[in-house]
Amino acid sequence: MNERYSRQILFSAVGADGQEKLSKSRVLIVGCGALGCAHAETLTRAGVGFLRIVDRDFVEFSNLQRQSLYGETDAKERLPKAIAAKNRLAEINSEIEIEAVVADVNYSNIENLLKDCDLILDGTDNFQTRYLVNDACVKHNKTWIYGAAVSGYGATMTIQPNELPCLRCIFETMPDAGTSPTCDTAGVIQPIISVISAVQTTEALKILTGNFDSLHKSLMQIDVWCNDWRKIKLGAPNADCQTCGQRNFEFLEAESAEFSAVLCGRNAVQIAPPKPSDLDLQTLAGKLKNLGDVKQNEYLLRLTVGEYELTVFRDARVIVRGTDDVSIARSLYAKFVGA
Ligand SMILES: [Zn+2]
């Protein structure tokens with residue numbers, strides 16, 4: 001057995017058998033921001049045989065404080081995160097296969113991305129994509145590990161369809177667009193990323209080595225700043241759950257689920273949430289005021305940040321000027337408005 005993995009093999013719950021299983025495992029990492037970087041690094045070092053990393057963004061200097069796979073050169077060159085991650089991971093472990101996919105994960109590609117994988121890890125920054133991943137994983141009976149972090153707070157839950165509650169059993173409806181804090185509006189510190197990712201990737205190692213009895217079977221909520229660690233025990237899946245009970249996969253259907261994105265004129269994209277929200281623009285202006293130039297009236301808010309201008313309406317619809325690339329517009333929406 002490879003010297004590289006000797007300490008992990010010595011850990012009796014993994015052993016030589018577990019290592020062999022890891023080498024034959026295929027994992028999809030959805031989103032390669034702070035959490036995704038940490039997942040990818042851990043699983044690469046652990047010797048998981050195949051990793052598919054999907055991300056729609058490019059590296060920026062504001063990522064370097066917590067997104068551990070990227071360096072200043074990546075930010076200067078504005079490399080796509082999936083590519084920069086693959087480059088770094090290949091230096092760490094050349095014995096595994098890494099596939100980088102530069103794409104916006106949505107209803108049209110999620111099923112193909114996960115079909116040939118054993119496990120899916122959540123490294124996304126928005127609930128829209130998590131509900132989509134949840135629908136696809138329940139439909140194809142794939143285990144996925146939810147994780148989220150903002151400020152000094154994070155949460156994680158392992159979702160084994162039919163065995164444990166799914167995301168929608170616990171959070172029945174998606175938070176209204178524009179109502180949740182994001183790392184770009186509320187900030188985030190690196191240690192909470194390490195903690196949440198540590199729990200997620202430990203669960204991944206348990207699953208991939210067949211140690212299902214050791215799963216934590218809870219919704220874990222951790223605040224490293226306020227010293228609050230909570231574990232909410234999970235019961236059985238909810239029979240009335242739209243996703244795992246009724247098997248109604250609405251997020252996989254284009255019209256009902258997607259944030260609609262339409263080009264409106266030259267160099268502008270409109271992003272609209274699946275259901276209208278009633279945003280408090282005053283509060284949003286307060287959250288955004290340090291990130292760019294903010295102007296606001298009763299009906300709309302205008303944020304100018306770098307080369308982009310976002311006009312946010314009270315129903316949470318946003319017109320992004322400065323691009324005709326839908327995935328850039330969706331990414332700016334997730335960062336500054338939150339979805
Ligand atoms: Zn459910």
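## A zinc site and a six-stranded sheet

Along the chain, the residues that hold the zinc ion are spaced as C-x2-C-x71-C-x2-C. Cys169 sits in helix H8 (residues 167-170), while Cys241 belongs to the loop between strand E8 (228-233) and helix H11 (254-257), so this pair ties together parts that are 72 residues apart in sequence. Keep in mind that you are looking at a predicted model.

Let's look at the metal itself. Cys166, Cys169, Cys241 and Cys244 each offer their SG atom to the zinc ion, at 2.2 to 2.3 Å. What arrangement do the 4 donor atoms make? It is tetrahedral, because the angles they subtend are 94 to 122°. Are Cys169 and Cys241 buried or exposed? With buried meaning under 20% relative accessible area, Cys169 counts as buried at 16%, and Cys241 is buried at 3%.

Now for the sheet. Its 6 strands form an open sheet in the order E9-E10-E14-E13-E12-E11, with antiparallel pairing. Strand E9 (260-263) and strand E11 (293-296) are the edges, each pairing on one side only. From one strand to the next, the twist averages 15°.

Inside the sheet, strand E12 (residues 300-305) and strand E13 (residues 308-313) run antiparallel and are joined by 6 bridges. Here Leu300 stands opposite Phe313 in E13.

Two helices meet these strands:

| Helix | Strands touched or crossed | Angle |
|---|---|---|
| H12 (residues 281-288) | E11, E12 and E13 | about 15° with E12 |
| H13 (residues 326-336) | E9, E10 (268-272), E12, E13 and E14 (318-321) | about 50° to E10 |

Terms used: Residues numbered from 1 in each chain as written. Predicted model: local features only at pLDDT ≥ 70, side-chain atom pairs only at ≥ 80, totals over all residues. Heavy atoms only, no water. Donors = N, O, S within 2.8 Å, 3.2 Å for Na, K, Ca; no water. Tetrahedral: all angles 85-135°; square planar, octahedral: opposite > 155°, others 65-115°. Helix = DSSP H or I, 4+ residues; strand = E, 2+ residues; numbered from the N terminus. Buried < 20%, exposed > 50% of the residue type's maximum accessible area, 1.4 Å probe, protein only. Pairing = 2+ DSSP bridges. Axes fitted to C-alpha atoms, helices over the stretch in contact; angles between N-to-C directions. Contact = heavy atoms within 4.5 Å.
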